[in-house]
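Open the structure in your viewer and keep the selection panel within reach. We will go from one stop to the next, with a note on what to select and what is there.

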Amino acid sequence: MNRVLLTALPSLLVLGALAACGAAEPTAATPAATSSAAAVTTTTPAGPPPAPEPTSDGQCPYLGTSVVQEANGQIVRKVRLSADQPDPACFFYADGTEVQLSVWVFHGDPATAEAVVDRATPVADSNPATEPAGWEGGSLSTDTGAVYAVAKGGDAVVVTSNQKQTIKARQIVKTVVANLGL
């Protein structure tokens with residue numbers, strides 16, 4: 001029994017010392033260490049912002065309904081806008097409830113712009129997109145339509161269409177980029 005106690009005693013002393021250190025009051029250096037850790041955590045990118053949602057009726061300031069009708073091949077019955085500024089996302093409706101085409105223009109840092117594009121058109125699932133010149137991203141045909149998303153610097157443009165031909169979404173992206181002078 002004494003032998004067990006003698007071999008266990010040093011371990012118990014170390015364990016007790018560690019427990020006592022954890023129970024001690026924080027020193028003046030602890031908050032600085034905590035704030036440094038917080039600063040490191042806050043600089044890690046959180047990923048792309050959530051996709052915009054329509055909040056009000058209106059006219060898209062950078063894309064006319066006639067352009068959408070011609071490119072997408074459907075009459076536009078209603079346009080709704082997100083609250084994003086300076087360029088709200090635009091939602092073009094074929095009827096009262098079905099969005100036939102949406103356009104999201106993102107302005108921010110380059111890494112987040114790329115993340116917006118990657119979420120819309122994951123590299124593993126999409127074809128490379130390089131139009132307009134100098135822009136890069138992906139195009140993807142899905143069961144519900146098509147997506148064409150590209151980024152350049154801190155800007156990204158994502159177009160979704162209920163039509164399966166990505167060429168229609170690509171044409172809208174080219175028009176939006178030209179209209180906004182991006």
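The tour begins with the whole chain, then moves to the sheet, a disulfide, the helices and a loop residue.

**The whole chain**

Bear in mind that you are looking at a predicted model. Show the chain as a cartoon and colour it by secondary structure: there are 5 helices and 8 strands. Following the sequence, you will pass them in the pattern α-α-β-α-β-β-β-α-β-β-β-β-α. The chain has 182 residues, and 33% of them count as buried. Among contacts with a separation of 6 or more, 48% are between residues 24 or more positions apart.

**The sheet**

Now select the strands. In what order do the 8 strands of the open sheet lie? Reading across, the order is β1-β2-β3-β4-β8-β7-β6-β5, and the pairing is antiparallel. At the edges are β1 and β5 (127-129), each of which pairs on one side only. As a reminder while you look, strands of a sheet pair through backbone hydrogen bonds, either parallel or antiparallel.

Zoom in on β7 (residues 145-152) and its antiparallel partner β8, which are joined by 7 bridges. Pick Ala149 here, and you will find Val158 of β8 opposite.

**Strand β3**

Next, select β3 and its neighbours on both sides. β2 and β3 run antiparallel with 4 bridges between them, and another antiparallel pair, β3 and β4, is likewise joined by 4 bridges. The link from β3 to β4 is a hairpin with 5 residues between the strands.

Show the side chains of β3. Cys90 and Phe92 are on one side of the strand, Phe91 and Tyr93 on the other, and all of these are buried, leaving both faces covered. Stay with Cys90 for a moment: Leu81 is opposite Cys90, and so is Val103 in β4.

**The disulfide**

Keep Cys90 selected and add Cys60. The two form a disulfide, with 2.1 Å between their sulfur atoms. This pair links distant parts of the chain, 30 residues apart: Cys60 belongs to the loop between β1 (56-57) and α3 (65-72), while Cys90 belongs to strand β3 (residues 90-93). How many disulfides does the structure have? The count comes to 1.

Turn the view to look along the S-S bond. The torsion there is about 80°, so the disulfide is right-handed. Both Cys60 and Cys90 are buried.

**Helices on the sheet**

Bring the helices back, beginning with α3. This helix packs on the sheet and touches β2 (78-81), β3, β4 (99-107) and β8, and its direction makes about 120° with that of β4.

Move on to α4 (residues 110-120). This helix lies across β4, β6 (136-142), β7 and β8, and runs at about 165° to β7. Within α4, select Val116. Why does Val116 count as buried? The relative accessible area of Val116 is 1%, and the cut-off for buried is under 20%. Leaving aside neighbours within four places in sequence, the contacts of Val116 are Pro48, Pro49, Trp104, Phe106, Ala156 and Val158. You have already met Val158, the residue opposite Ala149. Pro50 is also worth labelling: from Val116 it is 66 residues away in sequence, but 8.9 Å away in space, C-alpha to C-alpha.

Now select α5. Its 15 residues reach 21 Å from the first C-alpha to the last, close to the 21 Å expected at 1.5 Å a residue. Show the buried residues of α5: Ala169, Ile172, Val173, Thr175, Val176 and Val177. An α-helix has 3.6 residues a turn, so residues three or four places apart point the same way. Among the elements covering the buried residues of α5 are α3, β4, β7 and β8. Just past the end of α5, click on Gly181, which takes a positive phi of about 65°.

**Last stop: Asn162**

Finish in the loop between β8 (155-161) and α5 (166-180), where Asn162 has its place. Is Asn162 buried or exposed? With a relative accessible area of 17%, Asn162 is buried. Show side chains here and you can trace a polar contact of 3.1 Å between those of Asn162 and Gln163. Not counting residues up to four places away in sequence, Asn162 touches Asn72, Gln74, Glu98, Val99, Gln100, Thr144 and Gly145.

Conventions. Residues are numbered from 1 along each chain as its sequence is written. This is a predicted model: local features need pLDDT of at least 70, side-chain atom pairs count only at pLDDT 80 or more; totals for chains, interfaces and linings use all residues. Side-chain values use heavy atoms; hydrogens and water are left out. Helices (H or I, at least four residues) and strands (E, at least two) are DSSP runs, numbered from the N terminus. Buried means under 20% relative accessible area, exposed over 50%, partly exposed in between (1.4 Å probe, protein chains only). A polar contact is a pair of N or O atoms within 3.5 Å; within protein, one must be able to donate a hydrogen and the other to accept it, and residues adjacent in sequence count only if both atoms are side-chain atoms. Contact means heavy atoms within 4.5 Å. A disulfide is a pair of cysteine sulfur atoms within 2.5 Å. Two strands pair if DSSP finds at least two bridges between them. Axes are lines fitted to C-alpha atoms, for helices over the stretch in contact, and angles run from 0 to 180 degrees between N-to-C directions. The expected span of a helix is 1.5 Å times one less than its number of residues.
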